Amino acid sequence: MSLLPELRYLTLAELVVAARALAAHRPGLCTLRQVGASRAGRPLHLLSIGRARRAVLVVAGAHANEPTGGSTLLAVAERVLHEPELRADISWHFLLCADPDGACLHVTPAPRSLYDYHLGFFRPAAQEQPEWAPAALPSDRLPPETRALTRVIDEVRPYLQVTLHGTDLGGSWVQLTKDVPGLAEPFAKSAAELHIPVETGASDAAGWPASGPGVHVMPAPGAGAAYPSMPDDARSSTWYHVHRYGGLTAVVEVPMWASDLVDDPAPHPAPDRALRRLAVRLRRDAREVERVLGEALPRLDGFDGPLLRAAKWALELVPGLAADWMHTPPADGTMAYVGSVDAFGRRLPLRAAAMLLRVLREADDSAAPRLEHLVATWSDAFAERFRARWVPLEHQIEHQSRTVLAAALHARDRSA
């Protein structure tokens with residue numbers, strides 16, 4: 001009998017309650033403890049199962065707008081409890097939510113559409129994201145969430161860190177900081193069984209070599225960046241902190257809505273021209289949001305919170321990214337890659353508009369209706385262009401869970 005709550009996107013409080021229930025079920029085997037506190041004083045909890053020296057660390061909630069990871073984390077933890085062979089020579093450690101403040105700002109009840117999803121959207125600026133802050137800030141200014149995560153890594157010294165991510169619309173893919181031979185096969189098999197497309201040309205991993213479809217391995221230092229303007233470097237993130245102990249990180253992405261347009265490996269007839277068109281649209285859409293922001297900003301005195309900072313940050317990325325698409329040769333010439341860039345280009349101004357809309361509504365600002373129209377129109381166009389189909393939550397969780405367990409098995413063999 002499962003100890004977990006009914007299947008749904010869980011709040012931070014529900015995650016903690018469920019983890020307490022798991023720990024209470026096997027107190028001799030499990031512990032739940034606080035390992036830090038957020039900037040707002042919210043606790044960060046670590047659930048640990050087993051005492052073996054070799055360890056796996058699973059991190060959920062690094063991005064507030066990717067809600068599947070918390071449910072996946074609990075599903076994997078319960079399976080580890082019920083299947084002794086999974087913990088025979090491995091201890092498992094689960095950071096319930098890396099960004100509890102963000103989790104309380106992003107609202108995901110049961111979205112019926114991309115528009116519903118964006119009405120409660122929040123994703124912080126890079127310097128406020130626990131995993132990415134080291135790529136944007138000096139070490140003496142890192143947020144407490146980042147310091148808590150790195151302390152956990154220093155303590156458990158995992159041979160594998162798995163960080164659970166997701167995308168609103170697209171496919172599933174994995175990013176690895178070192179190759180894990182054998183992972184591509186179970187990953188692809190799981191995705192096929194659950195009717196989840198594999199994002200073979202993910203723009204997040206543009207220019208990375210692949211060890212199999214949708215399994216991307218971080219390129220060697222010195223490799224040219226696909227998007228020179230992007231300020232973040234994964235080698236400075238917490239993903240790489242495990243390398244000092246001989247470990248590696250696997251980032252497992254799963255979509256809420258699927259699109260079969262992101263797994264087409266056929267060559268695109270004119271990728272350069274397509275990316276230039278997408279750059280033009282990106283600039284145009286961003287200017288629409290900037291006009292609303294410019295008009296409303298004088299009336300927003302006192303509203304400089306995380307939502308407004310994040311909206312401004314997203315808009316600040318646009319000029320450089322559009323220039324990259326205009327002037328840098330495509331990192332990949334496939335239909336899948338162009339589709340992934342198309343989705344990225346729609347996503348960035350839409351997210352900025354969604355977060356700014358929340359600020360304007362809170363301020364009861366007269367510009368809110370114009371922005372609401374943009375968010376609704378762009379959400380519908382995004383879904384229609386990519387023929388979005390909902391991925392049942394149980395399939396999201398199952399695919400992500402299978403990939404976590406496969407990564408743990410194959411990375412263990414790699415490190416033996």
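**Group meeting talk: a predicted chain, from Pro-100 outwards**

Let's start at one residue. Pro-100 sits in helix H3, which covers residues 100-105. One thing before I go on: this is a predicted model.

So, is Pro-100 buried or exposed? Its relative accessibility is 0%, so Pro-100 counts as buried. What does Pro-100 touch, once residues up to four places away in sequence are set aside? The list is Leu-12, Ser-38, Arg-42, Pro-43, Leu-44 and Glu-145. For a sense of scale, take Pro-267, which is 167 residues from Pro-100 along the chain. Their C-alpha atoms are separated by 42 Å.

Stay in H3 for a moment. Leu-105 is in this helix too. Leu-105 has a relative accessible area of 24%, so it is partly exposed. Buried would need a value under 20%. Leaving out neighbours within four places in sequence, Leu-105 is in contact with Gly-120, Phe-122, Pro-306 and Arg-358. Gly-166 lies 61 residues from Leu-105 along the chain, and 17 Å separates the two C-alpha atoms.

Now the whole chain. The protein chain has twelve helices and ten strands. Its radius of gyration is 21 Å. The globule rule gives 22 Å for 416 residues, and the two values are close, so the chain is as compact as a globular protein of that length. The C-alpha trace spans about 60 × 50 × 40 Å along the principal axes.

How much of the chain is buried? Of the 416 residues, 58% count as buried. The accessible surface comes to about 16,500 Å². Carbon and sulfur atoms hold 53% of that surface. Then the contacts. Take those in the chain with a separation of 6 or more: 81% of them are between residues 24 or more positions apart.

Next, the aromatics. Searching the whole structure turns up seven aromatic pairs. One of them is Trp-132 with Trp-239: the ring centres are 5.1 Å apart and the planes lie at 65°, so this pair is edge-to-face. The cut-off there is over 60 degrees. Where do the two residues sit? Trp-132 is in the loop between helix H4 (114-119) and helix H5 (133-136). Trp-239 is in the loop between strand S8 (215-217) and strand S9 (248-258). That is 107 residues apart, so the pair links distant parts of the chain. Both rings belong to buried residues: Trp-132 has a relative accessible area of 12%, and Trp-239 is at 4% relative accessibility.

A second edge-to-face pair is Phe-382 with Phe-386. Here the distance is 5.5 Å centre to centre, with 85° between the planes. Phe-382 and Phe-386 are both buried. Phe-386 also has a charge over its ring: Arg-385 lies over the face, at 5.2 Å from the ring centre. There is another arrangement of this kind, with Arg-54 over the face of Tyr-159 at 5.3 Å from the ring centre. And there is a cluster. Ring pairs link Tyr-117, Phe-121, Trp-257 and Trp-390.

On to helix H7, residues 184-193. Which residues of H7 are buried? Ala-184, Phe-187, Ser-190 and Ala-191. These four cover an arc of only 135° around the axis, which puts them on the same side of H7. The other side of H7 carries exposed residues: Glu-185, Lys-189 and Ala-192. After H7 comes His-195, with a positive phi near 60°.

That brings me to backbone angles. Most residues other than glycine have a negative phi. Two arginines go the other way. Arg-157 has a positive phi near 45°. Arg-157 lies in the loop between helix H6 (144-156) and strand S5 (160-170). Its relative accessible area is 51%, so Arg-157 is exposed. The cut-off is over 50%.

Then Arg-387, whose phi is also positive, near 50°. The loop holding Arg-387 runs between helix H11 (368-385) and strand S10 (389-390). Arg-387 is exposed, at a relative accessible area of 59%.

To close, back to where we began: Pro-100, in H3, buried at 0% relative accessibility.

Methods. Residues are numbered from 1 along each chain as its sequence is written. This is a predicted model: local features need pLDDT of at least 70, side-chain atom pairs count only at pLDDT 80 or more; totals for chains, interfaces and linings use all residues. Side-chain values use heavy atoms; hydrogens and water are left out. Buried means under 20% relative accessible area, exposed over 50%, partly exposed in between (1.4 Å probe, protein chains only). The arc is that of the directions from the helix axis to the C-beta atoms. Rings of Phe, Tyr and Trp (its six-membered ring) pair if their centres lie within 6.5 Å; planes under 30 degrees apart count as stacked, over 60 as edge-to-face and the rest as tilted. A charge sits over a ring if NZ of Lys or CZ of Arg is within 6 Å of the ring centre and within 35 degrees of the ring normal. The radius of gyration is taken over C-alpha atoms; the globule rule is 2.2 Å times the number of residues to the power 0.38. Contact means heavy atoms within 4.5 Å. Accessible areas come from the Shrake-Rupley method with a 1.4 Å probe; for residues, only the protein chains shown count as cover.
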